[in-house]
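Subject: Structure for your attention

Dear colleague,

I am passing on the structure below, followed by an account of what was found in it. Please read the notes with the coordinates open beside you.

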Amino acid sequence: MKDRKFFFILVLQLLAAMTVFAAIVFWRGKWNTTRWVGLCIGVPALVGLFVARFQLGKSFAVTPQAKVLVTHGLYSKIRNPMYVFSSLLIVGFALATQLRMVLLLLVVLVPMQLIRAKQESQILEQKFGDEYRAYTKTTWF
């Protein structure tokens, strides 16, 4: 049953990602350099975000928790790839749609992500100790 719930949530997140992608591609407006740059940032960010979510698996939680120390895939290089790729997705979306106001989301999102990353780091260090500290030395953010 839990595997079914995980799969259902993952499919919902994929549908949300596809909706964002469709919004970028079908947004009214000129196909100029800014839009192409936004698409070139947004599409890989969208893929990266989904891959990071998939690799995090059942360790994903809305509140900071320490279930399992995920160190494979994207997490072998970046401790918080979901935060990185979600920020890049917003930048890509803002450029592709040419709605500069969208960038204001980053003013709220980035500080929240930094605070949450620090909370998660403290929780993971408490639970996994030296293993987590060694992991942080080989990864970025």
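I begin with helix α5, where Asp-130 forms a salt bridge with Arg-133, the closest N and O atoms being 2.6 Å apart. Please bear in mind throughout that this is a predicted model. Asp-130 and Arg-133 both belong to helix α5 and stand three residues apart, about one turn of the helix. Asp-130 is exposed, because its relative accessible area is 59% and the class begins over 50%, whereas Arg-133, at 33% relative accessibility, counts as partly exposed.

Arg-133 also meets the side chain of Glu-125 in a salt bridge, at 2.8 Å from N to O, and Glu-125 is itself partly exposed, with 32% relative accessibility. Glu-125, Asp-130 and Arg-133 are thus linked in a network of salt bridges. As a general matter, side chains of opposite charge can pair when their charged atoms come close.

The count of salt bridges in the model comes to three, and one of them joins the side chains of Arg-116 and Glu-120, with 2.7 Å from N to O. These two residues, Arg-116 and Glu-120, are four residues apart in helix α4, and therefore they are separated by about one helical turn. Glu-120 counts as buried, because its relative accessibility is 15% and the limit for that class is under 20%.

Glu-120 leads on to the pocket. The largest pocket has a volume of about 540 Å³, and its lining is made up of 26 residues, of which Leu-56, Arg-79, Asn-80, Tyr-83 and Glu-120 lie nearest its centre. Two or more residues of that lining come from each of the elements α3 (81-97), α4 (104-128) and α5 (130-137). Helix α4 gives the most to the lining of the largest pocket, with five residues. In character, the lining of the largest pocket divides into 17 nonpolar, five polar and four charged residues.

Among the residues nearest the centre of the largest pocket is Asn-80, which sits in the loop between α2 (33-56) and α3 (81-97). Is Asn-80 buried or exposed? Asn-80 is buried, because its relative accessible area is 11% and the limit for that class is under 20%. When its neighbours within four places in sequence are left aside, Asn-80 is in contact with Ala-117, Glu-120 and Phe-141.

Phe-141, one of those contacts of Asn-80, is found in the segment after α5, and it counts as partly exposed at 24% relative accessibility. The backbone of Phe-141 also deserves a look, since this residue has a positive phi of about 35° although it is not a glycine. For context, most residues other than glycine have a negative phi. A positive phi is likewise found at Gln-98, with a value of about 60°, although Gln-98 is not a glycine. Gln-98 is in the loop between α3 and α4, and it is partly exposed, with a relative accessible area of 35%.

The last group concerns the aromatic rings. A search of the whole structure finds three aromatic pairs, including a tilted pair formed by Tyr-132 and Tyr-135, with 6.1 Å centre to centre and 50° between the planes. Both Tyr-132 and Tyr-135 lie in helix α5, three residues apart, about one turn of the helix, and Tyr-132 is buried, as is Tyr-135. Trp-140 and Phe-141 form another aromatic pair that is tilted, at 5.9 Å centre to centre and 55° between the planes. Within this pair Trp-140 counts as exposed, at 54% relative accessibility, whereas Phe-141 is partly exposed.

When you go through the model, you may wish to take the groups in the order used here.

With best regards

Conventions
Residues numbered from 1 in each chain as written. Predicted model: local features only at pLDDT ≥ 70, side-chain atom pairs only at ≥ 80, totals over all residues. Heavy atoms only, no water. Buried < 20%, exposed > 50% of the residue type's maximum accessible area, 1.4 Å probe, protein only. Contact = heavy atoms within 4.5 Å. 1 Å grid on protein atoms, 1.4 Å probe; cavity = no way out; pocket = protein on both sides within 12 Å on 5 of 7 lines; lining within 4 Å. Points joined across faces, edges and corners; volume = space filled by probe spheres on them. Nonpolar A, V, L, I, M, F, W, Y, C, P; charged D, E, K, R; others polar. Salt bridge = Lys/Arg side-chain N within 4 Å of Asp/Glu carboxyl O. Phe/Tyr/Trp six-rings, centres within 6.5 Å; stacked < 30°, edge-to-face > 60°.
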